[in-house]
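Me: I would like to go through the terms used for this structure one by one, asking each time what justifies the word.

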Amino acid sequence: VLRTHGKESAAREVIHSAVQQGIGYFDTAVAYAGSQGYYGHYWREQKALRERIFHTSKSARRDKKGALTELDQTLSTLGMAYLDLWQIHDVRTRADLSRIEAPGGALEAFLEAKENGKTRYIGVTGHHDPAVLTEAVQRWPVDVVLLPINPVEEILGGFMDGTLTAAREKGLAVVAMKILGASHYLAPAAGITAERLIRYALSHDVDVAIVGCSSSQEVETLAQAGSPFTPLSPEERHDIVQAFQPVARKLAYYRGPQA
């Protein structure tokens, strides 16, 4: 619901439910419709919460000036003086890498923002091409990587056995996304529930798992899967991966055509 416009009441309910459940990591981006505005409205009502939450945002601008302009807009919309994590958004191609790291590119903006205290940490995100995201992790002085973790990715390879490994070798934090495949991966009749997929992601070497929610009930499911957390057994992991084997490539809808 946080990637919509005009659903202020439903969005507020989801954010408030997350706060009540003790969830502390909140994700948004300039590209996510009205998301930043929803958050900003809520945080202005609940200013005392700022120090106990970890708030992120992202910019897909590839130039320094454009990225810094977006950062200022993001902070204004959120009603915050700083972000906990600002991320270079959706790196897809080697052309992206070149533009971002070139003189006057967005990487300069991210490093400047960290130096001047507008963000505590910087990161990179991607779900298009694992080889490209791995290069970004290896080449850039980022603190965090956001990447897909789900049974489809275990089958296809690249993100979980390449990017994740490279991130850990550099000491980066790892945040998992695409856990439910925008709910496309859910098949309750076959035992593929949101709870199992969240547990699958958390059973891997990640620090945080993020899941988009559209209701307080979905937030509750997310929170219950994470605390107390019970890892999947090797047999459960094998079974869930096997269930996705015949349709893995089709379900990797967020990857590029080369995948």
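Reply: Let us begin with a term for helix pairs: angles under 35 degrees count as roughly parallel, over 145 as roughly antiparallel, 65 to 115 as roughly perpendicular and the rest as oblique. Axes are lines fitted to C-alpha atoms, for helices over the stretch in contact, and angles run from 0 to 180 degrees between N-to-C directions. This is a predicted model, in which local features need pLDDT of at least 70 and side-chain atom pairs count only at pLDDT 80 or more, whereas totals for chains, interfaces and linings use all residues. Residues are numbered from 1 along each chain as its sequence is written, and side-chain values use heavy atoms, with hydrogens and water left out.

Me: Why are α6 and α8 called roughly parallel?

Reply: Helix α6 (residues 130–139) and helix α8 (residues 159–170) pack at an angle of about 0°, their axes being 9 Å apart; by the cut-off of under 35 degrees, α6 and α8 are therefore roughly parallel to each other. Helices here are DSSP runs of H or I with at least four residues, strands are runs of E with at least two, and both are numbered from the N terminus. The contact (heavy atoms within 4.5 Å) involves, among others, Leu133 and Val137 of α6 and Phe159 and Ala166 of α8.

Me: Why, then, are α2 and α3 called oblique?

Reply: Helix α2 (residues 35–45) and helix α3 (residues 64–78) pack at about 45°, with axes 7 Å apart, and an angle of that value falls in none of the three named ranges, so α2 and α3 are oblique to each other. Trp43 and Arg44 of α2 and Thr74 and Leu78 of α3 are among the residues that make the contact. By class, the contact of α2 with α3 has three nonpolar, six polar and one charged residues, where Ala, Val, Leu, Ile, Met, Phe, Trp, Tyr, Cys and Pro count as nonpolar, Asp, Glu, Lys and Arg as charged, and the others, Gly among them, as polar.

Me: What makes threonine 74 buried, and how is leucine 186 classed?

Reply: Buried means under 20% relative accessible area, exposed over 50%, and partly exposed in between, with a 1.4 Å probe and protein chains only. Threonine 74, in helix α3, has a relative accessible area of 1% and is therefore buried. Leucine 186 has 32% relative accessibility, so leucine 186 counts as partly exposed; its place is in the loop between β6 (173–177) and α9 (194–202).

Me: How do you know that β6 is largely enclosed?

Reply: Four of the five residues of β6 are buried, so β6 is largely enclosed by the rest of the structure.

Me: What makes β5 and β6 a pair?

Reply: Two strands pair if DSSP finds at least two bridges between them. Strand β5 (residues 144–148) and β6 pair in the parallel sense over five bridges, with valine 145 opposite valine 174 in β6. β6 and strand β7 (residues 208–209) pair in the parallel sense over two bridges.

Me: Which strands are called edge strands?

Reply: Seven strands form an open sheet in the order β1-β2-β3-β4-β5-β6-β7, with parallel pairing; the edge strands are β1 (25–26) and β7, each of which pairs on one side only.
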